[in-house]
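Okay, everyone, let me pull this one up on the screen. I'll walk through it feature by feature, so shout if you want me to stop and rotate.

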Amino acid sequence: MAPKVWLNGELVERDRAVITVFDHGLLYGDGVFEGIRSYNGRVFRLEKHVRRLFDSANGIRLEIPLTPQAVGDAVVGTLQANGMKDAYIRVVVTRGEGTLGLDPNRCPKPNMFIITDKIVLYPQELYENGLEIITASTMRNHPNAVNPRLKSLNYLNNILAKIEAIDAGTLEAVMLNHLGYVAECTGDNIFIVRDGRLFTPPIAAGILEGITRDEILDIARAARLEVREENLTRQDLYVADECFLTGTAAEVVPVVRIDKRTIGSGKPGPVTKRLAEEFHRRTRG
Ligand code: PMP
């Protein structure tokens, strides 16, 4: 039986989990969300995800109708009710039902739902052999427009870059920011290794502060690896010894080709493997 969906405080069957066409989440992309994973019945970094959800909501002046504790409890409760141990969890809060026209004050009550499901972003083969990506011509949203730190329901920026990736016969694209520096991929943060040091763009480059990114930075520091959050150019990616992407759904994915340039040996590198192994241990161990 399909897992039930938590919708505004109730567990409902999947085909009854519906929202009105007058919801501003649908009409205008007005809302926020989180993507979370549970491993063996434990939700990974739940507090961080809940906090980011509230930070995103705060950024768009949306008041979540529950306390952070109650949101966390609802996530865990939904998983338990569905008897799911290894799941991908999507928490969404929309502005709610309103009138046509942008005014969010015409939406008296947010809609909130929690989906517990499975997600497979990339075939297993790519985790072993590495992924090919391109640079998208679509630039990442300017931080003074919708700041990429907000995990909003407005993913068109990322979707346009994803279309470019697919058109080029690849699965993912890296986006540059308004200054031409590397920002992030359509649903993942990006890292490179050069001369034994780990580099990733800073939050100020206009990226989502990824929870997997944080975890990798923590793992790297604990392993006494030199870590730098620095602006990177496209050329920095091309000449990297290793490259990998991080995200809740994707976890840690090695990248071996960017814009037809082979990265390092053309195979997932030793630092990437070590970090991925430790990440695997922290999530499943
Ligand atoms: N960047 C973007 C644009 C994302 O949507 C995501 C999440 N899918 C990430 C980075 C990775 O963030 P996290 O590790 O918190 O999932």
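Let's start at tyrosine 28, which sits in helix H1, residues 24-28. Bear in mind that what you're looking at is a predicted model. So is tyrosine 28 buried, partly exposed or exposed? Its relative accessibility comes out at 31%, so tyrosine 28 counts as partly exposed. And Tyr28 has company: together with Val21, Phe22, Leu26, Leu27, Leu100 and Leu102 it forms a nonpolar patch on the surface. Put together, those residues have about 700 Å² of accessible area.

Next, the holes. The largest pocket has a volume of about 730 Å³. It's lined by 34 residues, and the ones closest to the centre are Arg90, Lys151, Tyr155, Thr186 and Gly187. Which elements build that lining, with at least two residues each? On the strand side you've got E3 (31-39), E5 (87-94), E9 (182-185) and E13 (242-247). The helices are H5 (156-167) and H6 (211-222). If you care about chemistry, the lining divides into 16 nonpolar, 10 polar and 8 charged residues.

Then there's the closed kind. How many cavities of 30 Å³ or more does the structure hold? Just 1. Its volume is about 70 Å³. The residues lining it are Arg37, Tyr39, Phe44, His49, Ile211, Thr212, Thr248 and Phe279. E3 and H6 are the elements that give two or more residues to this lining. By class, we're talking 4 nonpolar, 3 polar and 1 charged.

Quick stop at valine 146. You'll find it in the loop between strand E7 (131-135) and H5. With a relative accessible area of 37%, valine 146 is partly exposed. Now look across to glycine 59: in sequence the two are 87 residues apart, yet C-alpha to C-alpha they're 9.2 Å apart in space.

On to charges. Side chains of opposite charge can pair when their charged atoms come close. How many salt bridges does a search of the whole structure find? The count is 20. I'll show you three of them.

One is glutamate 13 with lysine 4, at 3.8 Å from N to O. Glutamate 13 is at 33% relative accessibility, so call it partly exposed. Lysine 4 has a relative accessible area of 30%, and that makes it partly exposed too.

Another is arginine 45 with glutamate 215, where the closest N and O atoms are 2.7 Å apart. This pair links distant parts of the chain, with the two positions 170 residues apart. Arginine 45 is in the loop between strand E4 (42-43) and helix H2 (46-59), while glutamate 215 is in helix H6. What about burial here? Arginine 45 is partly exposed, with 30% relative accessible area, whereas glutamate 215 is buried, at 3%. Zoom out a bit and you'll see that Arg45 and Glu215 belong to a network of salt bridges that also links Asp218, Glu278, Arg281 and Arg282.

The last of my three is glutamate 209 with arginine 149, at 3.1 Å, N to O. Glutamate 209 lies in the loop between strand E11 (197-200) and H6, and arginine 149 in the loop between E7 and H5, so this bridge ties together parts that are 60 residues apart in sequence. At 29% relative accessible area, glutamate 209 is partly exposed. Arginine 149, at 45% relative accessibility, counts as partly exposed as well.

Before I sit down, a pair of backbone oddities. Which residue between E10 and E11 has a positive phi? That's aspartate 195, with a phi of about 50° although it's not a glycine. It's found in the loop between strand E10 (189-194) and E11. Aspartate 259 has a positive phi of about 50° too, and it isn't a glycine either. That one lies in the loop between strand E14 (251-258) and strand E15 (261-262). Are they buried or exposed? Aspartate 195 has 57% relative accessibility, so it counts as exposed. Aspartate 259 is at 15%, so it counts as buried.

That's my tour. Happy to spin it around if anyone wants another look.

Technical notes: Residues are numbered from 1 along each chain as its sequence is written. This is a predicted model: local features need pLDDT of at least 70, side-chain atom pairs count only at pLDDT 80 or more; totals for chains, interfaces and linings use all residues. Side-chain values use heavy atoms; hydrogens and water are left out. Patches are made of residues with over 30% relative accessible area and no salt bridge: like charges are joined within 9 Å, nonpolar side chains (Val, Leu, Ile, Met, Phe, Trp, Tyr) within 5 Å. Accessible areas come from the Shrake-Rupley method with a 1.4 Å probe; for residues, only the protein chains shown count as cover. A salt bridge is a side-chain nitrogen of Lys or Arg within 4 Å of a carboxyl oxygen of Asp or Glu. Helices (H or I, at least four residues) and strands (E, at least two) are DSSP runs, numbered from the N terminus. Buried means under 20% relative accessible area, exposed over 50%, partly exposed in between (1.4 Å probe, protein chains only). On a 1 Å grid over the protein atoms alone, a cavity is a set of points where a 1.4 Å probe fits but cannot get out, and a pocket is an open set with protein on both sides within 12 Å along at least five of seven lines; lining residues have an atom within 4 Å of a point. Grid points are joined across faces, edges and corners, and a volume is the space filled by probe spheres set on the points. Ala, Val, Leu, Ile, Met, Phe, Trp, Tyr, Cys and Pro count as nonpolar, Asp, Glu, Lys and Arg as charged, and the others, Gly among them, as polar.
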